[in-house]
Amino acid sequence: TACGNSIGSTTVASGASLSIDTSCSFGTESWDVAGTTSTYTTSVAATGAVDVQSGGLLVLNTVSTSTNPFSITGTFTLSGSIEVLVTDSSTTAIVILMKWDDTSCTDITSSVTVYGCTTMSCNTDVVASSAATSCYLRLFLRDTSSSDSNDAWWGLLALLALIPCCAGCALYWYKIRPKEDISYDEVLVADTAYPGYYEHGLPSPVPEFELYQAPETELVPAPEFVAPL
């Protein structure tokens, strides 16, 4: 593990790894990061090109909001991968992880894996200096607890807003919407309709009637008519 020291040109072969302790301090450098110039304390300085070959691994460990970046005064080639080990993600911040010199800043974030972000949403990006001579790998630590809380409140308000909507629909269907007109001209009403027959604007059920069986009647033939002579 490199910590607080200077290294020369370095090649990380397949199966090998280079570990940088970002909690260490080596020196200070003035950097132009996306148009903003500031002085940064470095953890390790490489005075030459760094090449991480396929199967090789660059580890940036002990990363926090007070991380000191890895400085490369030369080109950086990444065919392998980078692991970022976060030890403190309790504060929202933008952290510079490393710097290298190049006129074309390739997006290497697809080869970067971040570990240790528990209460934070951690993302990385690559930005260039305003003169396009240096590239910087940054880590974004974003607090997700407040946004989750806000999402929950908005969801609750949306559910509460459904209550008056449903009540309005019910009022429309049962009170405001015109009832279907019923013609009573074709309705045969029994003379013995009981009270409350027309309550609520609709006829009540017609009372049941008992069936009456008429007695059988014997038919007597009429006498034969005989005309007088």
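A residue is called buried here when its relative accessible area is under 20%, exposed when that value is over 50%, and partly exposed in between. The structure is a predicted model, and with this scale in hand its cross-links can be followed from one end of the chain to the other. Arg138, with a relative accessible area of 16%, falls under the 20% limit and is therefore buried.

The side chain of Arg138 meets that of Asp125 in a salt bridge, with 2.8 Å from N to O. Because Asp125 belongs to strand β14 (residues 120-128) and Arg138 to strand β15 (residues 134-143), this pair ties together parts of the chain that are 13 residues apart in sequence. The model contains 2 salt bridges by the rule applied, and another pairing to look at is that of Asp101 with Lys99, whose side chains come together at 3.0 Å, again taken from N to O. The two partners of this bridge fall into separate classes of accessibility: Lys99 is buried, at 6% relative accessible area, whereas Asp101, at 22%, counts as partly exposed.

From these ionic contacts we turn to the covalent ones. A disulfide is a covalent bond between the sulfur atoms of two cysteines. The count for this model comes to 3 disulfides, and, when the bonded cysteines are numbered along the chain, they are connected in the pattern 1-2, 3-6, 4-5.

Cys3 is joined to Cys24, with an S to S distance of 1.5 Å. Cys3 sits in the segment before β1 (6-7), while Cys24 is found in the loop between β3 (17-21) and β4 (27-33), so the bond ties together parts that lie 21 residues apart in sequence. The torsion about this S-S bond is about -90°, which means that the disulfide of Cys3 and Cys24 is left-handed. Of its two ends, Cys3 is partly exposed at 37% relative accessibility, and Cys24 is buried, with a relative accessible area of 10%.

Further along the chain, Cys105 and Cys135 form a disulfide in which the sulfur atoms are 2.0 Å apart. Here the loop between β12 (93-101) and β13 (112-115), which carries Cys105, is linked to strand β15, which carries Cys135, so that parts 30 residues apart in sequence are tied together. Strand β15 thus contains Cys135 as well as Arg138 of the salt bridge with Asp125. The disulfide of Cys105 and Cys135 is left-handed because the torsion about its S-S bond is about -90°. Cys135 is buried at 0% relative accessibility, while Cys105, at 28%, counts as partly exposed.

The link between Cys117 and Cys122 has an S to S distance of 1.6 Å, and with -100° about the S-S bond it is left-handed. Cys117 is partly exposed at 24% relative accessibility, and its partner Cys122 is buried, with a relative accessible area of 17%.

One further element concerns the backbone: an open sheet of 3 strands, arranged in the order β2-β7-β10 with parallel pairing. Its edge strands, each of which pairs on one side only, are β2 (10-12) and β10 (76-78). On average, and with direction ignored, neighbouring strands of this sheet are turned by 0° against each other. Strand β2 pairs with strand β7 (residues 50-52) in the parallel sense over 3 bridges, and within this part of the sheet Thr11 stands opposite Asp51 in β7.

Key:
Residues are numbered from 1 along each chain as its sequence is written. This is a predicted model: local features need pLDDT of at least 70, side-chain atom pairs count only at pLDDT 80 or more; totals for chains, interfaces and linings use all residues. Side-chain values use heavy atoms; hydrogens and water are left out. A salt bridge is a side-chain nitrogen of Lys or Arg within 4 Å of a carboxyl oxygen of Asp or Glu. Buried means under 20% relative accessible area, exposed over 50%, partly exposed in between (1.4 Å probe, protein chains only). Helices (H or I, at least four residues) and strands (E, at least two) are DSSP runs, numbered from the N terminus. Two strands pair if DSSP finds at least two bridges between them. Axes are lines fitted to C-alpha atoms, for helices over the stretch in contact, and angles run from 0 to 180 degrees between N-to-C directions. A disulfide is a pair of cysteine sulfur atoms within 2.5 Å.
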